[in-house]
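Got the structure open in your viewer? Then let's take a walk through it, one selection at a time.

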Amino acid sequence: MSVTITDVHVHDVRFPTAASGDGSDAINRGDYSATYVELATDGGPTGAGFTFTNGRGNEITCAAVRALAHHVRGRSVAEIAAEPVAFWRSLTADVQLRWLGPEKGVIHMAAGALVNAVWDLRAKLAGKPMWRFLAELPTDDLVATVDFHHITDALTPDEAAAILDKGRDGLADRLATLERDGFPSYTTSVGWLGYPDDKVRALTRAAYADGWRAMKMKVGGPLDDDLRRARAIRAEIGPDALLMMDANQVWDVDQAITAMTALAEVDPYWIEEPTHADDVLGHARIARAVTELTGGRCRVATGEVAANRVIFKQLLQAGAIGVMQVDACRVGGVDEVLAELLMAAKFGVPVCPHAGGVGLCEYVQHLAIFDYLRVGASLDGRMVEYVDHLHEHFVDPVRTRGGRYLLPTAPGYSSTMRPASIAEFRFPDGPAWR
């Protein structure tokens, strides 16, 4: 059946999370929000996609989606699938809107929302969950999806094809492993910076009892407070569980090294976003320092606000990261994430996607599973972030068991929101905001 996208509907959906401290860190205290996109079709399913924001400003991203929507409206799914890079560039390299980026910020996030909605539509039409749809695509089709412009000095199409072809070996065995055990995960729900100590301890104890053996806390407040909270979490989880830390870019480079000199006491597995997201050389210097401080036990992780594949290319080339944290909708959707996964595989850096927020867990479970099945082909050092917030607003929410994600089975990208949730939390006229 030939399916054409007939219209693009955009919703400003916001959840009042700031009041409870959910999602709070050293620099952010927001109302988790989504610029939610629906692609209407002439008889096919509705494609759903979104980009995540932190409250105020969501209206700007919604406006950017509307500004780009004409590139999508009236296009057939078959036409888009036949020339994916041309379609992707129509959004990311619009001859006038590109000036507002290029390939970064609000315009790029809006493009990602539309691109992800198209992929959701494609997977629904194929009757497959996104991870399976991607994993079963021929190598040539996957390579044809990647825009290699500006990254061929790090990854060529031939190298990408070789990685994907190799990923076919043992795929059935890896899939059986996931079907049996689920995908490894860690939880961030225990350690938001706005939580009091007793709540942190109680949440950590409960998470450990539920099977989580990797947990993340926020740092970047007064160093004595960070160390006190880290000691409390470590006391609850014991010496063998993993404890990760996230500074959300609040430190200067020298501050980061000083802080990690103290925090190394509690054996952190990684320090996430220790400095400004664009500071490739700063991350490289911090990475060298924490390697020396901890004998290689701690590594630098970043990527949730890395603007595009070129930033990731430089982080990898500079040896600045030991963990790549791709974000499903900060960059330009599935197409660009695929480029980032392939570069990480070439450089031998594990991918642990950024999640949380609104629907990011739903998105990135598919990306991590695909990466394991066709690209990275290893679970060594791989985990998906999990945050226990707002899943009830999705038609196909994530499912976990014993600290692991279970494989999604419904067709699509798990990105469809419940109509009642859209109506309740639509800003500014939904009942939740009156």
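Here is a tour of some helix pairs, a loop, a few empty spaces and two unusual peptide bonds.

**Before you click**

This is a predicted model, where local features need pLDDT of at least 70 and side-chain atom pairs count only at pLDDT 80 or more, while totals for chains, interfaces and linings use all residues. Residues are numbered from 1 along each chain as its sequence is written, and side-chain values use heavy atoms, with hydrogens and water left out. Helices (H or I, at least four residues) and strands (E, at least two) are DSSP runs, numbered from the N terminus.

**Stop 1: α1 against α4**

Select residues 58–68, which make up helix α1, and then 105–126 for α4. Two packed helices are described by the angle between their axes and the distance between the axes. Here α1 and α4 pack at about 65 degrees with their axes 8 Å apart. (Axes are lines fitted to C-alpha atoms, for helices over the stretch in contact, and angles run from 0 to 180 degrees between N-to-C directions.) The crossing of α1 with α4 is right-handed; that word applies if the near helix is turned clockwise from the far one by less than a right angle, and left-handed if anticlockwise.

Now show side chains. From α1, pick Ile60, Thr61, Ala64, Val65 and Leu68; they meet Val106, Ile107, Ala110, Ala111, Ala113 and Leu114 in α4. Contact means heavy atoms within 4.5 Å. Colour this patch by class and you get ten nonpolar residues, one polar and no charged. (Ala, Val, Leu, Ile, Met, Phe, Trp, Tyr, Cys and Pro count as nonpolar, Asp, Glu, Lys and Arg as charged, and the others, Gly among them, as polar.)

**Stop 2: α3 against α4**

Keep α4 on screen and add α3, residues 84–92. This pair packs at an angle of about 150 degrees, with axes 9 Å apart, and α3 passes α4 in a right-handed crossing. On the α3 side, look for Phe87, Trp88, Leu91 and Thr92; their partners on α4 are His108, Ala111, Leu114, Val115 and Val118. Seven of the contact residues are nonpolar, two are polar and none is charged.

**Stop 3: the loop in between**

Which residue has a positive phi although it is not a glycine? Go to Glu103, where phi is about 55 degrees; Glu103 sits in the loop between α3 and α4. Pro102 is in the loop between α3 and α4 too, and a cis peptide bond joins Gly101 to Pro102, with omega about -10 degrees.

**Stop 4: the cavities**

Rolling a probe the size of a water molecule over the atoms shows where empty space is left. On a 1 Å grid over the protein atoms alone, a cavity is a set of points where a 1.4 Å probe fits but cannot get out, and a pocket is an open set with protein on both sides within 12 Å along at least five of seven lines; lining residues have an atom within 4 Å of a point. Grid points are joined across faces, edges and corners, and a volume is the space filled by probe spheres set on the points.

The structure holds two cavities of 30 Å³ or more. The largest has a volume of about 50 Å³. Select Ile80, Pro84, Phe87, Trp88, Val115, Val118, Trp119, Arg122 and Asp335 to see its lining. α4 gives the largest share, four residues. By class, that lining has seven nonpolar, no polar and two charged residues.

For the second largest cavity, about 30 Å³, select Gln365, Asp396, Pro397, Val398, Arg399, Leu406, Leu407, Pro408 and Ser414.

**Stop 5: a pocket and its helix**

The second largest pocket holds about 210 Å³ of space. Its lining includes Thr187, Leu203, Trp212, Tyr386 and Thr400. β4 (183–191) and α9 are the elements that give two or more residues to this lining.

Stay with α9 (residues 197–209) and bring in α10 (residues 223–237): they pack at about 25 degrees, axes 9 Å apart. The two are therefore roughly parallel, a label for angles under 35 degrees (over 145 is roughly antiparallel, 65 to 115 roughly perpendicular, and the rest oblique).

**Last stop**

Finish at Pro428, in the segment after α16 (419–425). The peptide bond from Phe427 to Pro428 is cis, with omega near 5 degrees.
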